[in-house]
Amino acid sequence: MTTSRPRNLADVLASMGAAGRRLNEIDAIESGAGNLSVCLAWQVDLDPLFPDVTTIELPWTAPGLAGCTVLVTGTGCRLREVAEAPRENVGAVVIGADGASGELHYLAGGNFVRPTSEFNSHLAVHADHVGRRGLSLHAVIHAQPPHLVQLSHIPEYRSTESMNHALLRWEPETLVQLPAGVEFLPFMVPGSQELMENTVRGLREHVIVIWAKHGLMARSDASPLGACDKIEYAETGAAYEYRDLAGGGRGEGVSRDELRRVRDAFGVVTDLLD
C-alpha cells in the first residue's frame with residue numbers, strides 16, 4: 001500500500017485499513033484505543049457500502065465543512081480490524097449546511113455505533129485545514145505509541161523543545177521527515193474543549209501534536225497512511241531515546257552541527273536548529 005493520495009472511496013478505506021494495521025504492529029492502538037478520520041471535499045456515493053442513515057448532532061460546529069464527507073472510526077472499534085472489515089468499523093458523516101448536524105451513513109449490525117469520542121478534535125482539525133486551506137482530502141489519526149507516551153511521563157521531556165531534541169537526535173532522516181518537529185501539550189482531559197482547541201493550534205505548524213500522558217494526534221494532506229508514516233518516525237526516535245535511557249544515557253546521538261549538515265544537504269526548511 002503506497003502513501004499516494006487516494007482517488008476514490010475504496011482507496012481511502014484501503015489506506016485507513018493499512019494505517020490501522022501498521023499502528024497495531026507498533027503497539028500504538030491497544031484494543032479499541034486510537035481513532036482515525038478522513039475528510040473528503042468531493043461527492044461520494046456511500047449507499048453501496050453504508051446503506052443505513054441517521055441524523056446526528058455534531059460535537060463541534062464546522063460550517064466550513066458543509067457538504068464534506070468525513071469517514072471516521074467508531075467508538076470502541078479496533079483500528080486493526082478496519083482493513084478486513086471497513087464497513088463494520090467505519091461510518092461516514094456528511095456535514096450539513098449549518099455545520100452543526102450531519103447524516104451518519106453506516107452499516108447496521110456492525111461494530112460501528114457512533115463516531116469516536118474524540119470526534120470534536122477531528123472535526124476541528126479538518127475544518128482548520130480543509131476549510132482554511134481549501135484541501136480536497138485531509139487525514140487525522142489519534143494513537144498511543146508506547147515510547148512517546150512513556151517519555152511524556154518524564155518531567156524532563158515535557159516541553160516542545162526537549163521533546164524535539166530527544167526525537168530528532170537519533171536518525172538524520174527524522175529531521176527531513178519532521179522539519180517542524182512536534183508540538184508538545186501538557187496533560188488535558190481526553191475529548192475536552194481545551195484539548196481540541198490546543199490541538200488545532202498545534203497542528204497548524206506541525207503534523208504531530210503530543211498529548212502528555214495520553215498519546216498524539218497526527219495529520220496528513222496526502223492519506224491516512226501518510227499520517228501513520230509521520231507517527232512511525234516520531235515513535236522510532238522515542239524508542240531510541242528510551243533505549244538510551246535504559247542503557248545509562250551513553251549514546252552520543254546526532255549533534256546539532258551534524259543535523260545542520262543534514263539540513264543544508266537536503267534543503268530542509270526548519271527553525272529547530274537556529
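Me: In this predicted model, is the crossing of α3 and α7 right-handed or left-handed?
Reply: Two packed helices are described by the angle between their axes and the distance between the axes. Here the axes of α3 and α7 come within 9 Å and cross at roughly 35°. The handedness of this crossing is right-handed.

Me: Which residues of α7 does α3 meet?
Reply: By class, the contact of the two helices, α3 and α7, has five nonpolar, four polar and three charged residues. From α3, the participants are N120, S121, A124, V125, D128, H129 and R132. Their partners in α7 are M196, T199, V200, L203 and R204.

Me: How many residues of α3 are buried?
Reply: Helix α3 spans residues 119–133, and its reach of 20 Å from first to last C-alpha is close to the 21 Å expected. Its buried residues include F119, L123, H126 and V130, and they pack against α7 (193–205) and several strands, among them β1 (35–40) and β3 (69–73). The helix is mostly covered, and the number of its 15 residues that are buried is twelve.

Me: Is T73 buried or exposed?
Reply: T73 belongs to strand β3. Its contacts beyond four places in sequence include M16, L36, V82, F112 and T116. The cut-off for burial is under 20% relative accessible area. Because its relative accessibility is 1%, T73 counts as buried.

Me: Which residue just after α3 takes a positive phi?
Reply: Helix α3 covers residues 119–133. Just after this helix, a positive phi of about 70° is found at G134.

Definitions and conventions: Residues numbered from 1 in each chain as written. Predicted model: local features only at pLDDT ≥ 70, side-chain atom pairs only at ≥ 80, totals over all residues. Heavy atoms only, no water. Helix = DSSP H or I, 4+ residues; strand = E, 2+ residues; numbered from the N terminus. Expected span 1.5 Å × (residues − 1). Buried < 20%, exposed > 50% of the residue type's maximum accessible area, 1.4 Å probe, protein only. Contact = heavy atoms within 4.5 Å. Axes fitted to C-alpha atoms, helices over the stretch in contact; angles between N-to-C directions. Left-handed = near helix turned anticlockwise from the far one by under 90°. Nonpolar A, V, L, I, M, F, W, Y, C, P; charged D, E, K, R; others polar.
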